[in-house]
Amino acid sequence: MDAVRLLGDIIAQNAPVSAAPLRTLQAFHALTDGGYIEEAGVVQSIHCNDCDVPHDAAVVFEATQYGIHCPDLGFISKERSELVAVKPNLERLVQNVADALGCKRTKSTPIHGQIWRIGIVTAPSVDVAVYFQPTLCDALDLRSFETALSNETRSQYGIILTASGQLSCPPLKTVQIEDCLAFDEVAMVFEFAGDLLAIAGAPEKNRGGRPSLYAAKLAKIIAARVASGEALPGKNAEARAIQTIYRTENPTEKPPSISTVKNAIS
Ligand SMILES: [Zn+2]
C-alpha cells in the first residue's frame, strides 16, 4: 500500500490503531521512519483468535505481563509488541505540507480541535489559504470547521486537506490527501503533487514566466520511457520513477519535485 493511502487510512480512524497488522507493509515503516506516525501506548482491546469462539477482549496488565482474559482459556499472555498502537503525527504532516507549498503564516498548533492552518500560499495572482482537517464526513465535522474558521482572516480562495470525506465549506475547496500528496521515499517527505491554484479554483493569470530548469532533461526521460513502453499507467508512480532516473542521471543536482515532474508528464 502507498504511504499516502496508509497515512490517510490511519488519520481517518480518528483513534489509535493497532500496529501489528501494519508491520508487513513497507509504507508503515516509511511513515514511522519519517515521523508521520508514532507510538500511542497499547490498544485497549484485541480480537481473541486462540479459542473456538473468537471474541473481543480487553487488554489487561497483570503482574508483569500484558494479556487478555478468554472465557475458555483464561489468561493468555501477549507480547507488548503485539499490542502497540500508533497514531498520526499531524503536526509533522502539517509542517511537511507547509514546507512543500512554501506556506507563510503556518500555525504549529491546531486552530481548533484537530483543525490546522497549514498556511497561506502567496501566488503571483492571489493568496490561497490551506487548512487541514482529519475528516470532513458529517455535519459535526463541518460545524467544527466553521467554528475554526470564525477566528480566521477570511480568504477568497483556499483548500481543506482531509483524509476522508467530501464535505466542503465554500468558497474553500475540499481535497483528499490521497489526491494531492505523493511520498518521496528517498527524502522521506510528502510532495504536494497537485495544482494548488486549480484545486482552489483560483485564477491562474500571471503564473510561471520562468522556463523550468528541468524541462529539457525531463522531456528526454519522459519521451524515452514512452518510446520503450516502460512508462507506468499511474501518474504518481510514473512521476516517482522519472524522478529516480533523474536523480541517477544527475547525481549532483537537486532533482525536480514530484509536482514538477507530474506537470511535465501531462
Ligand atoms: Zn478466546
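Strand 4 and strand 5 (residues 65-70) run antiparallel and are joined by 4 bridges. This is a predicted model. The points below start with strand 4 and its partners, then turn to V17, to the contact of helix 1 with helix 2, and to helix 10.

**Strand 4 and its partners**

- Between strand 4 and strand 5 lies a hairpin with 2 residues in between.
- A63, in the turn of that hairpin, has a positive phi of about 55°.
- V60 has G67 in strand 5 as its bridge partner.
- Strand 4 also pairs with strand 3 (residues 45-48), in the antiparallel sense and over 4 bridges.
- The connection from strand 3 to strand 4 is a hairpin too, through 6 residues.
- S45 stands opposite A58 in strand 4.
- Strand 4 itself covers residues 55-62 and is hardly covered, since 0 of its 8 residues are buried.

**V17 in strand 1**

- V17 belongs to strand 1, which consists of residues 17-18.
- A residue counts as buried if 20 or more other C-beta atoms lie within 10 Å of its own; V17 has 20 such neighbours inside 10 Å and is therefore buried.
- Leaving aside residues up to four places away in sequence, V17 touches I10, A85 and V86.
- V17 and K87 are 70 residues apart in sequence, yet their C-alpha atoms are 6.6 Å apart in space.

**Helix 1 against helix 2**

- Two packed helices are described by the angle between their axes and the distance between the axes.
- For helix 1 (residues 3-12) and helix 2 (residues 26-33), the axes come within 9 Å and cross at roughly 75°.
- Angles of 65 to 115 degrees count as roughly perpendicular, so helix 1 and helix 2 are roughly perpendicular to each other.
- On the helix 1 side the contact involves A3, L6 and L7, and on the helix 2 side A27, F28, A30 and L31.
- The residues of this contact are 7 nonpolar, with no polar and no charged ones.

**The buried side of helix 10**

- Helix 10 (residues 258-265) has I258, S259, V261 and K262 as its buried residues.
- These residues lie on the same side of helix 10, because they cover an arc of only 160° around the axis.
- The buried residues of helix 10 pack against two strands, strand 12 (181-184) and strand 13 (189-192).
- They also pack against two helices, helix 8 (215-228) and helix 9 (235-249).

Technical notes
Residues numbered from 1 in each chain as written. Predicted model: local features only at pLDDT ≥ 70, side-chain atom pairs only at ≥ 80, totals over all residues. Axes fitted to C-alpha atoms, helices over the stretch in contact; angles between N-to-C directions. Parallel < 35°, antiparallel > 145°, perpendicular 65-115°, else oblique. Contact = placed C-beta atoms within 7 Å. Nonpolar A, V, L, I, M, F, W, Y, C, P; charged D, E, K, R; others polar. Buried ≥ 20, exposed ≤ 12 C-beta atoms within 10 Å, placed from the backbone. Pairing = 2+ DSSP bridges. Arc of directions from axis to C-beta.
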